[in-house]
Every structure is written in C-alpha cells, then in structure tokens.
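This report covers one helix pair and the enclosed space beside which some of its residues may be found.

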Amino acid sequence: MTIGWCFDNTYYKLSKTFKEDIKPIPVKNPEIVLFNKDLADVLNLDFKNLNNQKLAELFSGNSLPEGSNSLAQAYAGHQFGHFTMLGDGRAVLIGEHLSKKNKRYDIQFKGSGKTAFSRNGDGRAALGPMLREYIISEAMNGLRIPTTRSLAVVKTGEDVIRETSLPGAILTRIASSHIRVGTFQYIAAREKKDELEILLDYVIDRHYPDIKNSKNKAIDLLSIVLEKQINLVVNWMRVGFIHGVMNTDNMTISGETIDYGPCAFMDTYDPKTVFSSIDQMGRYAYCNQPVITKWNLSRFAECLIPLINKDQEKAIELATKIINSFEKKYEEKWLNMMRDKLGLFGVDEKDKFLILDLLTWMHQKKVDYTNTFCHLMNENVHKNKDYEDKDFQNWKIRWNERLKINNNTPEKCLKLMKTVNPLIIPRNHNVEKVLEEAEKKNLKPITELIAVLKDPYTKKDNIDDYQNPSNSDKNYKTFCGT
C-alpha cells in the first residue's frame, strides 16, 4: 500500500534551540470527521486504500507515517502588544512532505497533546474550533487568498475542559512552513548572532532562494516579507475578513494566513468591527489590520538589526527606510484592489474620493459589505431598500461616468469585478449553525457549506441561504479555543 509520502525534514535537522523533538500523545478512540480529498490530490497523496479507522489512526498521530520526524517548534510573540516566549503548546509538526512538483509542505497536527511549550495548557483542542479552522481556511483558499489549509479533522474520543466539557479533536494543518515573525523573535531574544544567521539562511533557502547571493540578505528578506504581508492584508480587506488575533506569532514569513482562532467575516460594513471575545480594546479590528501589520513588521525588523549591518545605527537606518515605505505601498495596493472591486481600469485622481464616499455611505446606512458589491454587479442577492437611497443613486452616476474612462465596455468592467468580489463568504451565522449540527454528529450541513465555499465567485442555484446576512451579528463573538 503506497500513500505517497515523501518526507524531507529540514527543520528537524536544526539544533534543539529551534524545537523540541516530541511525538504526538496517543488518543483513546480516534474517529475521522472530515477529510479533504482535494487537498490530498494537491499533495499527491492517495489514501483510498485506508478505511476510516486507519485514517483516524493516522491523522490522530496514533500511527505515524514512515519518514516523519515529529517536533514542536519554538517561537515567541507579541500577544496584544506584550512579549512572551511561546512555542507549539498544542501542535506537533510531523515532517515536510514534497509533492511531485517538488513543492514543500509542512504537515502539522494541531491538538496533539502537551509539549515543552504548553505551559499550563493541556495541549489539546476542542472539536468546534478545529472544524471552524477547516471551514475558514478552505474558504480562504477558495477566495484565492494565501492560507494554510486543512487536510483532516479527527475526534479523539476524549473530552477537553474549557468553560465546559467539550469533545476533543485534532486538525491536520498544511502550510508552506510554520516559520513566523515570532520564530525570529525567539532566536533574537537569545542574543546569539550565529543562531540568527542560521535561521535567516534557512528561511531564504526554503522560501526565497532568489536572494541567497544577495549583498544584504537580511534587508532583502525584510523587503520581501513586507510586500507579502501587504498583499495578504489587502486581500483580507477585500473580502471583509477579520483575523482577530494578529499577534507576531501569527504572522508567517511565507505570507500565508495562519491560525484561524477568533476570526470572522464582516457582514454590515463597519471599520471598527471586532469579533474576538478577548479583543476588548479593538486592537485587531478590521480597520486596524494594516496598522498592526506594520507594527508586526517593525518587530521583525528589530530582530534582523544584527544581520543588516555591523554598525547598529546604520542597520536601524536601513530597516527604518523599509518599514517607512509601508504606508505608501499599502495605500497604492489597497486603492488598486478597490478599483478592481468597482471595475475601474487605469487611474483617475478622483478615484480615492469615489471609493471613500461609497465606504462612508455603506457605514452610515449599515449595509452589507459583500452584498453591496454584488448589487453593483447586478447580482441582487439580497433585496435592500437602501440601494434606492438618493445619495447612493447619485454616487452610482459618478461611478458610471468613471467606468467610461479609456473607452472601457460594461462587459469588461463587470468581468474584472467578478474576479475579486465573492458572491459567497462564510457567513458567521451559517458557520455557527453547521458547527452546532456537527456537534450533534450531523455532518451534512458542514460538508455542504464547505462545498459551496470552494467556488465563491461563480453564480449557482439554491445558494440564497449562504448569501443573506444575519440580523444578529452585532453581538457576535468568537473565541480562541485554547
């Protein structure tokens, strides 16, 4: 029987400074809940000869594949602005799998038991948050936003204690790597330049080999990661996604979205929207995501100072120049993204006012973010009298005039809009509903939702229930699950 595993575990070869070698702690009675065949195909893995029990044994960590070398990664992080030495407290990386295209993927079990980094935690995860991560990460992939993905969810047959007793579960997470800004913070805090150089070279070899022979690898890496993170957050803003816990340990060097804890999608447009139960001050609100991205990148830059230049003042000057380029680059990419959402080609000096006037109207009228752009594409998914409003109609006259610039056709503008404006997002009430059903062992609603979210830009029949917003999102709260 050949599944097709092809492990080449480079992180495992690093010194113990970077990790703890540890196996997943076996569970009592694993049971497969969700399995992502599409992702398995991407990975060139064939599980068809495994029955559900064998799949459950594999994805619970009770039986590890040949060639795996499991470990818990060390990292630190600014959590809500406060620095903490952390690490994989409830996750084990079993290895790096190479696909037939020679693309490298981390295979990680989340909820696999205690590690040296668990502190007072139990190292386990509850079923609900693991199913949530599966749903949202696959939705993000469908939205064409860089993300970790989910291969499987397994129930452990054991309960975990949070506010109440909950069924335990393990998620198999796939990423191009799990190296974070916090990984660099952990090593930098040790004040050993040789270890920092090892990490820098490892990251460049793995992710950005084009700068391997650069004259200043550290400054080039900072520039690349800044660009990657700007692109990522602009994409979040495009679809109304709110990460909810943008700590430095949740910012990857690869530019993928990671750690779907208290995350959610915004229905009613409000820049100050916060869904996380622990974000009392709105630090990670929708409108603050670009600001926090720059803040996190500044912490990354601090880690690299010893490698940028021997002269600390010169190093700080070089790093500061990169970080200070953030606003201009972000604004340019955000404006271009919003132009795409409105079907605007080229650049007009009044574009910014046109965009901001629409967003101001949306905020004042408390209309749905996603569905407003659907309305502009003549996809009237949710009838709303606000779209008959005089101010909105006047704005549309200005918008239609702008569309005509450069002799663009309505068909060409609409085609552009349809590539960036989803018809469907994971509506929070729908996510909660399918999670409740899954807790009752009814998996049909969750599998139907996941199937719909795979192709959110294409018009389909019988998807009204997935498009309509909830009337109760105002007090909606999400939780970390730890």
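Helices are DSSP runs of H or I with at least four residues, strands are E runs of at least two, and both are numbered from the N terminus. The model is predicted, with pLDDT of at least 70 needed for local features and 80 or more for side-chain atom pairs, while totals for chains, interfaces and linings use all residues. Residues are numbered from 1 along each chain as its sequence is written, and side-chain values use heavy atoms, without hydrogens and water.

The axes of helix 6 (residues 217-239) and helix 7 (residues 289-308) come within 10 Å and cross at roughly 170°. Helix 6 is therefore roughly antiparallel to helix 7, a term for angles over 145 degrees on a scale from 0 to 180 degrees between N-to-C directions. Their contact (heavy atoms within 4.5 Å) involves Leu222, Val225 and Gln229 among others of helix 6, and residues including Thr293, Leu297 and Phe300 of helix 7.

A cavity is a set of points on a 1 Å grid over the protein atoms alone where a 1.4 Å probe fits but cannot get out, and its lining residues have an atom within 4 Å of a point. The structure has two cavities of 30 Å³ or more. The largest holds about 80 Å³, a volume being the space filled by probe spheres set on the points. Of its 15 lining residues, Gln229, Trp236, Met246, Asn250 and Met251 lie nearest its centre. Helix 6 and helix 7 each supply at least two lining residues, and helix 6 gives the largest share, four residues.

| Residue set | Nonpolar | Polar | Charged |
|---|---|---|---|
| Contact of helix 6 with helix 7 | 16 residues | three residues | no residues |
| Lining of the largest cavity | six residues | eight residues | one residue |

Here Ala, Val, Leu, Ile, Met, Phe, Trp, Tyr, Cys and Pro count as nonpolar, Asp, Glu, Lys and Arg as charged, and the others, Gly among them, as polar.

Note on methods
Angles under 35 degrees count as roughly parallel, over 145 as roughly antiparallel, 65 to 115 as roughly perpendicular and the rest as oblique. On a 1 Å grid over the protein atoms alone, a cavity is a set of points where a 1.4 Å probe fits but cannot get out, and a pocket is an open set with protein on both sides within 12 Å along at least five of seven lines; lining residues have an atom within 4 Å of a point.
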